[in-house]
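Visitor: I would like to go through this model feature by feature, and to hear the reasoning behind each label as we go.

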Amino acid sequence: PNHPRLLDLMPEGGSIASKVALNELACGGGDAPVICLRMCRVNHECRFNATHWYYPEFGVKVLNADCDIQCGAEICMTYCSALDPGSLASANPEVARGMLESRYGITCVPTCWCRTNEYKLLAQKRVRLDAAIERNLYSGKRAQTMVDELLSLYEHGGSAWTQKRRTLYDGFQVGNVMPETRRRALEHLKQAYEIQVAISSPDSASAKKFESYLLDPRLHGSYNMCCR
């Protein structure tokens with residue numbers, strides 16, 4: 001609260017409490033929200049190109065690029081993760097837009113990406129596929145086909161790498177259940193590991209977990225589940 005640059009944050013002329021309330025970033029996992037003075041200046045865009053992520057083991061908040069950002073392009077993130085078409089909450093964009101307007105005073109224009117039929121269809125299909133994968137965790141090839149379809153939606157919709165990492169890990173879990181699909185499962189896990197290392201470090205807990213399964217997939221509870 002005593003940092004001099006905190007006074008420069010929006011709302012202009014507002015109290016310290018109002019500036020904290022407007023600019024704090026959620027960390028998830030039960031950790032308290034944080035104020036990142038530089039990251040607070042990143043604008044919102046429904047079709048964003050960066051995502052923030054908190055790493056409790058290092059005590060840092062990181063802003064990760066979700067795509068190749070051209071020189072001179074503005075770096076933008078979403079102020080509401082539910083507007084990511086890869087989010088399970090994205091099937092209800094009206095609720096997310098309401099939060100944007102009430103908290104930040106942001107009103108999405110009629111031509112905004114989040115108002116298009118393409119966005120709506122992507123979000124709805126993502127939710128259906130995610131639920132189907134959950135129901136078919138031990139079906140091997142069928143579940144892997146669903147994972148591949150969901151990953152292709154991420155590429156088309158521009159979802160955060162953190163969303164893609166989650167589905168890649170699902171791809172490992174569903175493919176690890178039988179020998180015929182394990183090679184593809186490990187390919188998914190390798191990509192999830194590379195994303196985790198890029199957005200945190202090889203020493204993060206998640207990266208170490210992924211690495212252990214790459215070295216020995218038998219350590220995961222799904223190993224040969226179809227064969228038992």
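**Reasons behind the labels**

Guide: Let us start with Gly14, which lies in the segment before α1 (16-23); please keep in mind throughout that this is a predicted model.

Visitor: Why does Gly14 count as partly exposed?

Guide: The relative accessibility of Gly14 is 27%, and since buried means under 20% and exposed means over 50%, a value in between is called partly exposed. The C-alpha atom of Gly14 is separated by 55 Å from that of Arg142, with these positions 128 residues apart along the chain.

Visitor: What makes the pair of Trp113 and Tyr119 edge-to-face?

Guide: A search of the whole structure finds 5 aromatic pairs. In the pair of Trp113 and Tyr119 the ring centres are 5.7 Å apart and the planes stand at 85 degrees; centres have to lie within 6.5 Å, and planes over 60 degrees apart count as edge-to-face, so the name follows. Trp113 and Tyr119 are both buried, and the charged end of Arg47 sits over the ring of Trp113, 3.8 Å from the ring centre.

Visitor: Why is the pair of Tyr169 and Phe210 called stacked instead?

Guide: For Tyr169 and Phe210 the distance is 5.1 Å centre to centre and the angle between the planes is 25 degrees, and because planes under 30 degrees apart count as stacked, that is the label. Tyr169 lies in helix α5 (residues 161-175) and Phe210 in helix α7 (residues 205-215), so the pair ties together parts that are 41 residues apart in sequence. Both Tyr169 and Phe210 are buried, and ring pairs link them with Phe172 and Tyr213 into a cluster.

Visitor: How do you know that α5 is mostly covered?

Guide: Of the 15 residues of α5, 12 are buried, among them Leu168, Tyr169, Phe172 and Val174. The elements that cover the buried residues of α5 include β2 (50-55), α3 (117-135), α4 (141-157), α6 (182-199) and α7. As for its length, α5 reaches 21 Å from its first C-alpha to its last, close to the 21 Å expected at 1.5 Å a residue.

Visitor: How do you know that the span of α2 agrees with what is expected of a helix?

Guide: Helix α2 (residues 93-104) has 12 residues, which should span 16 Å at 1.5 Å a residue, and its end C-alpha atoms are 16 Å apart, so the two values agree.

Visitor: What puts the buried residues of α2 on the same side?

Guide: The buried residues of α2 are Pro93, Ala96, Arg97 and Leu100, and because they cover an arc of only 100 degrees around the axis, they fall on the same side of α2. On the other side of α2, Glu94, Val95 and Ser102 are exposed. What covers the buried residues of α2 includes β1 (43-44) and α3, while Gly105, just after α2, takes a positive phi of about 70 degrees.

Visitor: Why is Cys71 too far from the closest cysteine sulfur for a bond?

Guide: The sulfur of Cys71 is 14 Å from the closest cysteine sulfur, in Cys67, whereas a disulfide needs the two sulfur atoms within 2.5 Å. Cys80 is in no disulfide either, with the nearest cysteine sulfur, that of Cys46, 8.7 Å away. The count comes to 0 disulfides.

Visitor: Are Cys71 and Cys80 buried or exposed?

Guide: Cys71 counts as exposed because its relative accessibility is 85%, which is over the 50% required. Cys80 has a relative accessible area of 9%, which is under 20%, so Cys80 is called buried.

How values were computed
Residues numbered from 1 in each chain as written. Predicted model: local features only at pLDDT ≥ 70, side-chain atom pairs only at ≥ 80, totals over all residues. Heavy atoms only, no water. Phe/Tyr/Trp six-rings, centres within 6.5 Å; stacked < 30°, edge-to-face > 60°. Buried < 20%, exposed > 50% of the residue type's maximum accessible area, 1.4 Å probe, protein only. Helix = DSSP H or I, 4+ residues; strand = E, 2+ residues; numbered from the N terminus. Lys NZ or Arg CZ within 6 Å of the ring centre and 35° of its normal. Expected span 1.5 Å × (residues − 1). Contact = heavy atoms within 4.5 Å. Arc of directions from axis to C-beta.
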